[in-house]
Every structure is written in structure tokens, then in C-alpha cells.
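Me: I would like a close look at one short helix in this model, followed by a walk through some of the packing elsewhere in the chain. Plain wording is fine.

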Amino acid sequence: TRHGRRDSDESVARSIKILSFQDDRRGDVELGAQEALFLVNYTRRVVTGELADEDRVLRDSGFKDVKKDGVALACFVFGMFITVRTLQATVFSFLAKLAGLKTAKETAKFAEALREFSFYSLSLFLSWVCLGRESWLYNLDEMWKYDRQYTVPAEFKALYFLEASWYLAGVVSLFLDAKRKDFVEMTTHHLCTVLLLLLSFQQSHCRVGAVVWILHNLSDPFLQGAKLFKYLNAEPWSTLSFVVFMLVFMGTRLLYYPCVIYSCHFRGPGYFFNRDHSVPEHTLVGALTLLIPIHMYWFFLIIKVAERAIRGNIKDERSDSDDDDDHSSSKKKQ
């Protein structure tokens, strides 16, 4: 009887522990979902001007509460995926048909380009509204004035999660969209971008993270605009948009971006800075530095596209169904 009672007590204790663990799990999910909703609503109020500067709220960076921030990021990814796929299947496809595109392939390509154009334009707009007044966007030494940002404005954290969720949802979309020859490269690009975003956030180097994503996003609307005009057979506008894309790409990624990397090495957590840094910090700086030769290679591909366009001999190597310069366009965007 005594053994039976002890076994019963142990069984009850295990049940209570399991139920307590489940309650904690539900609590983490609820807190993460609430954080995601707060970040979205708060950023909306910042953009619409409902919040004064003195009412701004700070949030921890560095994933100090891993469970809550992890769930919040997962909510961003889910919301991004549902929103993007819904718009692509409805509004963007409707606009393609309204523009006179007949076939399903033409409609799908137009909707994909419009999807990319819409996000990068929105990202730049939000970055400008939320961060445009920050001095470190224009003076790189200001990025390291406080070494690290252990707390950031809530809208800054929301932008980080927005960027990461775009690329995470993009990985899923790559499996759903028409398969192309650069599928592996694009998937690798998206995952590496997510890694760099989350690593810079985890290491509380949010300022340099924002500068890097803004520099990379600046040229993308012009690239997608060139593709949209091409699908609409508006060749002069397509050419103009592509030329602007080339110039912006050269200015941001070949000229200004190396200055950012120089600042990372000699002012921030680089190999030549005069104090010890962690392995993740060195990994972050090393990965960002490796983008410089990659940018040079992509610009070489862009020049090749322009050369073939001048000669009237553009060929897309990704798939038999894609038009003209989509192949190189996608590579230069990576």
C-alpha cells in the first residue's frame, strides 16, 4: 500500500510538472505573439506620426528573451508569407491581366516582379521614415559611438524582423514558384542574408545591419521596375530603369559599401580594432567583407547583360520560359 501510494504521488507530481511545462510553452507563445502584434502596431503609429519622439519605446536587442523573440519572428514570417502569397495570387495577378498579359507564365512572372518591387520599395520607405533622422546613416563613425546597441527603438526591432521574415518566407516561395537554374544560389543567398541579419541583431550591432540592408535594397526597385516594363513591352522605360539600376548598384555596393567595411574593421568589431571581440563578431565582419568581391562579380554580370542588350542578343539561362535578362538580373540581385 505504501509503495502504491508513493507511485501515485510520483505520478501526480509528473503530471503537474508536464502541465506546468505546457503552461510555460503556452505562455511563451502568447508573449511572442503579443510582441509581434505590438511591434507591428507600434511601427504603424510611428509611420503615421501618431507617436511623438518622447513617447518612443525601447526594446532589447540580442535575443535576450530567446523564446519570446523567436515566436515573434515566427509570427512575422507567417504573416509575411500569407500576405505575399495572397497578394501575388490576387491583386498582382489581376494587375497583370489588366495590363494585357495573356498566358499564365507571363502573369506569374509579372506578379513575382511586382512582389519584389513592392517589398523593396516598402522596406526603403519604412527605413527612411523610422531611421532617416539617425546621424549614423550618414556618418559611419557614429555607428560605433556607443559600441553596441543593447536596446533599440521598437520600430527598429520591427524592421529587423520584417527584413528577416521576408527572406525566410522567400525560401518557402522559391519552392512554390517556377523552378529556375539559379534555385540553389537564390536559396543560399536568402539563408545567408537571414544569418547576417540575425547575427548582427544577436550581437547588438544593429546600426551596421541597417546600413547594410539599406545599401543592398536601394537598387532593387529599379531592377524590378526594369523587368516590369519589359513584360509590358515598354522597352525605353525598361532600359532607363536598368541604367538607373546599374548606376545605383555601382554607387551603393562598389563605392560606399567598402567604406562601411573599412569602418567595421578599423572602428568596429573588425580584425584590426584595438580590443578583443567575440568569434561571432569576427564571423559577422568576415562575412560582410566577403560580399565585396561578390558584388564585383555581380557587377561584371550586369555589364555583360548590358552588352548583350546593346547587341540585341539577350538570352535567359535560368529556364526556357523566362525572358531576356531575368537570369542576370536575379544574379546581380543576390
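Which exposed residues does the face of helix 3 turned away from its buried side carry?

Reply: The model is a predicted one. On helix 3, the face turned away from the buried side carries F94, K97 and L98, which are exposed.

The other side of this helix, which spans residues 91–98, has F92, S93 and A96 as its buried residues. Viewed down the helix axis, these buried residues fall within an arc of 100°, so they line one face of helix 3. Their packing partners are helix 2 (66–89) and helix 4 (104–131). Just after helix 3 comes G100, with a positive phi of about 100°.

Next, a loop residue. S219 sits in the loop between helix 7 (206–217) and helix 8 (220–231). Its relative accessible area is 0%, and because buried means under 20% relative accessible area, S219 counts as buried. Leaving aside residues up to four places away in sequence, S219 touches F245, V248, F249 and R253.

One of these contacts, F249, also takes part in ring pairing. Over the whole structure, a search finds 18 aromatic pairs. In one of them, the ring centres of F156 and Y160 are 5.8 Å apart and the planes stand at 40°, so this pair is tilted. Both residues belong to helix 5 (residues 154–176), where a spacing of 4 residues is about one turn of the helix. F156 and Y160 are both buried.

F249 and F299 form a stacked aromatic pair, at 6.0 Å centre to centre with 15° between the planes. F249 is in helix 9 (residues 235–266) and F299 in helix 10 (residues 279–311), so the pair ties together parts that are 50 residues apart in sequence. F249 counts as buried at 0% relative accessibility. F299 is buried as well, with a relative accessible area of 15%.

Back at the tilted pair, F156 and Y160 also belong to a cluster linked by ring pairs. The other members of that cluster are F63, F76, W136, F161, F201 and W213.

To return to the part you asked about: helix 3 has F92, S93 and A96 buried, and these pack against helix 2 and helix 4, while F94, K97 and L98 are exposed on the face turned away.

Terms used. Residues are numbered from 1 along each chain as its sequence is written. This is a predicted model: local features need pLDDT of at least 70, side-chain atom pairs count only at pLDDT 80 or more; totals for chains, interfaces and linings use all residues. Side-chain values use heavy atoms; hydrogens and water are left out. Buried means under 20% relative accessible area, exposed over 50%, partly exposed in between (1.4 Å probe, protein chains only). Helices (H or I, at least four residues) and strands (E, at least two) are DSSP runs, numbered from the N terminus. The arc is that of the directions from the helix axis to the C-beta atoms. Contact means heavy atoms within 4.5 Å. Rings of Phe, Tyr and Trp (its six-membered ring) pair if their centres lie within 6.5 Å; planes under 30 degrees apart count as stacked, over 60 as edge-to-face and the rest as tilted.
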